[in-house]
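Reader: I'd like to go through this one with you and ask how each label was earned. Could you put it up first?

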Amino acid sequence: MDQFLITGSSRIAGEVTISGAKNAALPLLAAMILAETPTTLHNVPSLQDVRTLIELIGGMGINIQKQGDTVTCDTKNIDNFYAPYDLVKTMRASILVLGPLLARFGEAEVSLPGGCAIGSRPVDQHLKAFEAMGAEISVENGYVKAQAPKGGKLIGCHFSFDMVTVGGTENVIMAATLAKGTTVLGNCALEPEVVDLANMLVAMGAKISGIGTATMTIEGVERLHGCEYSVVPDRIETGSYLAGALMTRGDVLTKKTTASLLHPVLEKFEAMGAVITTGDDWIRAQMTGRPKPVDIRTRPHPGFPTDMQAQLMAICCLADGTSTIIENIFENRYMHVPELNRLGASIQVDGHTAVIRGVENFTAAPVMATDLRASMSLVMAAATAEGDSLIDRIYHIDRGYEDVENKLRGLGVNIKRINTND
């Protein structure tokens, strides 16, 4: 299990090229299953989750290959509609193959993601929507077994999600593209990654209106064809590297990215004292003093993203004053708090609320990454701390940040990957 050794007191400054968004690439890869002719997807990041989903799709007999940042896919030889637990357990996004398989082939058998119980996160919303479209759904031995109605086609319907769910919105949009008739979906997620998926589906021949709004209408078509498409830039990777500038009085220019994807985060950066400048495909953050304290509430898009909460908390730890964060999306999104406190932060949590009293500096310590985004907050904190910090369980960061140590080195961070098997 790899670790990062970080020697702190770095000023994070320089240029970094942003990769394609993991959270967009995964549903776009799943959408390739819908196409009867070959599809080419560009700007695909090299991440463990991407490799897992490609392996899962390839296991169905589909010819899918990745070279550089380009994935090509040809579904003509698909021979099974099965997604095994051994692959699905590592990544919740694997459930996204359910909608395309059910819509195009009329059947699917997909392991519950991560072995989770229905309802712990809104996988049940996916299944309720498919049932509303006429599918027969059963859950047996940890697998979702789905069968389309007689005739092999889902049927368009009116369905409103009980809660905003990104994965549910994506899965059901994909399924509705090939359904008989028209599907109207209410309370849809508005995230840029959902918009990116809908735009690719349109390029494949789907008929979708209301893209980017809470109500989308999908008129089913007989078939979808392949297309050539590029993954949207990763807004969370962008915000994570820009956060380093705020923590270290640094100057970071992120390239191949878009400010329109990140407005709620950039507004908070400016409130904390950063100078933010933007162009068509770049964002720059410059910081000269200690951050100012802010209050944050995570919300579904276009609110402040939960995936940037840990990184903003790390900045708040160094602020000149007291900040408050309220986490409204996930109940277990404060697991990084004890680790930041080990690095000298002063954070107290009560339920969904974290109160952060700013300190002058972090202090080096061994810490453990607890999830994908928390791992980046610890890396940035360790980069500011005087001395050596060892970060364990960094496989989390490899799931969502492409070539992370080389990008950090390019920004002046003294970071070394240690393979504990050596």
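Reader: Which residues line the largest cavity?

Author: One thing up front: the model is predicted. The lining of the largest cavity is made by R235, L261, L262, P264, V265, H301, G303 and P305.

Reader: What makes that space a cavity rather than a pocket?

Author: A cavity is a set of points where a 1.4 Å probe fits but cannot get out, whereas a pocket is an open set. The space inside the largest cavity is about 30 Å³. With 30 Å³ or more as the rule, the count comes to one cavity.

Reader: How does its lining divide by class?

Author: Five of the lining residues of the largest cavity are nonpolar, two are polar and one is charged. Gly counts as polar in this scheme, and G303 is among the lining residues.

Reader: Now the helices. Why are α1 and α2 called roughly parallel?

Author: Set the value against the cut-off. Helix α1 (residues 22-31) and helix α2 (residues 48-58) pack at about 5°, and their axes are 10 Å apart. Angles under 35 degrees count as roughly parallel, and α1 and α2 are therefore given that label.

Reader: Which residues meet there?

Author: From α1 you have K22, L26, L29 and A30, and they meet D49, V50, L53, I54 and I57 of α2. Sorted by class, that contact has seven nonpolar residues, two charged and no polar ones.

Reader: What makes α10 and α12 roughly parallel, when they cross at roughly 25°?

Author: Same kind of reasoning. The axes of helix α10 (residues 309-316) and helix α12 (residues 372-384) come within 7 Å and cross at roughly 25°. The cut-off is under 35 degrees, so α10 and α12 are roughly parallel to each other.

Reader: Is that crossing left-handed or right-handed?

Author: The crossing of α10 and α12 is right-handed. A310, Q311 and A314 of α10 make the contact with R373, A374 and S377 of α12. By class, that contact splits into three nonpolar residues, two polar and one charged.

Reader: How much space lies in the second largest pocket?

Author: About 220 Å³. There are 15 lining residues, and M247, R249, L318, E360 and N361 are the closest to the centre of that pocket.

Reader: Which helix gives the most to that lining?

Author: Helix α8 (residues 235-248) does, with three residues of the second largest pocket's lining. As for class, that lining has six nonpolar, six polar and three charged residues.

Methods: Residues numbered from 1 in each chain as written. Predicted model: local features only at pLDDT ≥ 70, side-chain atom pairs only at ≥ 80, totals over all residues. Heavy atoms only, no water. Axes fitted to C-alpha atoms, helices over the stretch in contact; angles between N-to-C directions. Helix = DSSP H or I, 4+ residues; strand = E, 2+ residues; numbered from the N terminus. Parallel < 35°, antiparallel > 145°, perpendicular 65-115°, else oblique. Contact = heavy atoms within 4.5 Å. 1 Å grid on protein atoms, 1.4 Å probe; cavity = no way out; pocket = protein on both sides within 12 Å on 5 of 7 lines; lining within 4 Å. Points joined across faces, edges and corners; volume = space filled by probe spheres on them. Left-handed = near helix turned anticlockwise from the far one by under 90°.
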